[in-house]
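Welcome, and please load the model in your viewer with the sequence panel open. We will go from the whole chain to a few selections, one stop at a time.

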Amino acid sequence: MDAGAELLAEKRGLRLDRVVLLGRTFEEYRRYFLLKPEELIARDVLDVAGGVSSFCAEANACGIRVISFDPIYSLSAEGIAARSEPDLEAVYRAIGNVPIYRWSYYKTPERMREFRQCAYSILCPTTKPP
Ligand SMILES: C[S@@+](CC[C@H](N)C(=O)[O-])C[C@H]1O[C@@H](n2cnc3c(N)ncnc32)[C@H](O)[C@@H]1O
């Protein structure tokens, strides 16, 4: 077994067969990347693979100049919804059965889904949230 196959065999987290469209909120980015928002006001930030995250919209609303890139931005809002809805549902259904994750922040898969829906509805306010 080569190193890549060994790593995959040992992986105990959620196994995904493709990149999924799940978006995090500004607060989740802040916590994950240990951002200090007050230090970013009026600065330029590049969010690569921003996807259906609301980071860009929320950051710009508070004076941080964020530009997000993602291949999905070539799709319509409806096209993005058509991909992100089943992705969120699939991850929501599967993630509670994977014991590796700690739930100290999200508490439950339902609450994690609420975060994702919040991010999505900020990104696409005119589209029904997943
Ligand atoms: C799980 S989402 C993460 C979205 C966001 N960064 C977040 O944390 O909420 C992964 C994103 O990576 C994007 N992606 C995949 N391949 C990419 C590439 N080659 N260049 C830029 N974005 C890519 C997908 O379209 C998808 O939106």
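What follows is a short tour of a predicted model, with something to select at each stop.

**Stop 1: the whole chain**

Start with the protein chain as a cartoon, coloured by secondary structure. You should find six helices and two strands. If you trace the chain along the sequence, the elements come in the order α-α-α-β-α-β-α-α. Now bring in the residues themselves: of the 130 in the protein chain, 22% count as buried. For a feel of how the chain is linked across the sequence, consider the contacts with a separation of 6 or more: 61% of them are between residues 24 or more positions apart.

**Stop 2: around the ligand**

Next, select the ligand and show its surroundings. Which residues come nearest? Put Gly23, Arg24, Ala49, Gly51 and Ser53 in sticks, since these come nearest of the 15 residues around the ligand. Colour the shell by residue class and you will see nine nonpolar, four polar and two charged residues.

**Stop 3: two loops with positive phi**

Most residues other than glycine have a negative phi. Here are two residues to check against that.

Select Leu34 in the loop between helix 2 (26–32) and helix 3 (37–40). Phi of Leu34 is positive, near 50 degrees, although the residue is not a glycine. Is Leu34 buried or exposed? Leu34 counts as exposed, because it has 7 C-beta neighbours inside 10 Å, and the cut-off for exposed is 12 or fewer.

Then move past helix 3 to Ala42, which sits in the loop between helix 3 and strand 1 (44–48). Ala42 is another residue other than glycine with a positive phi, in this case near 65 degrees. Ala42 has 7 C-beta neighbours inside 10 Å and so counts as exposed.

**Stop 4: helix 5 against helix 6**

For the last stop, select residues 77–95, which are helix 5, and residues 109–123, which are helix 6. Two packed helices are described by the angle between their axes and the distance between the axes. Helix 5 and helix 6 pack at about 160 degrees, and their axes are 9 Å apart. That angle makes helix 5 roughly antiparallel to helix 6, as angles over 145 degrees count as such. The crossing of the two helices is right-handed.

Finally, show the side chains where they meet: Ser84, Leu88, Tyr92 and Ile95 from helix 5, with Pro109, Arg113, Arg116 and Tyr120 from helix 6. By class, the residues of this contact are five nonpolar, one polar and two charged.

Terms used: Residues are numbered from 1 along each chain as its sequence is written. This is a predicted model: local features need pLDDT of at least 70, side-chain atom pairs count only at pLDDT 80 or more; totals for chains, interfaces and linings use all residues. Axes are lines fitted to C-alpha atoms, for helices over the stretch in contact, and angles run from 0 to 180 degrees between N-to-C directions. Helices (H or I, at least four residues) and strands (E, at least two) are DSSP runs, numbered from the N terminus. Angles under 35 degrees count as roughly parallel, over 145 as roughly antiparallel, 65 to 115 as roughly perpendicular and the rest as oblique. A crossing is left-handed if the near helix is turned anticlockwise from the far one by less than a right angle, and right-handed if clockwise. Two residues are in contact if their C-beta atoms, placed from the backbone, lie within 7 Å. Ala, Val, Leu, Ile, Met, Phe, Trp, Tyr, Cys and Pro count as nonpolar, Asp, Glu, Lys and Arg as charged, and the others, Gly among them, as polar. A residue is near a molecule or strand if its C-beta atom, placed from the backbone, lies within 6 Å of it. A residue is buried if 20 or more other C-beta atoms lie within 10 Å of its own, exposed if 12 or fewer, and partly exposed in between; C-beta atoms are placed from the backbone.
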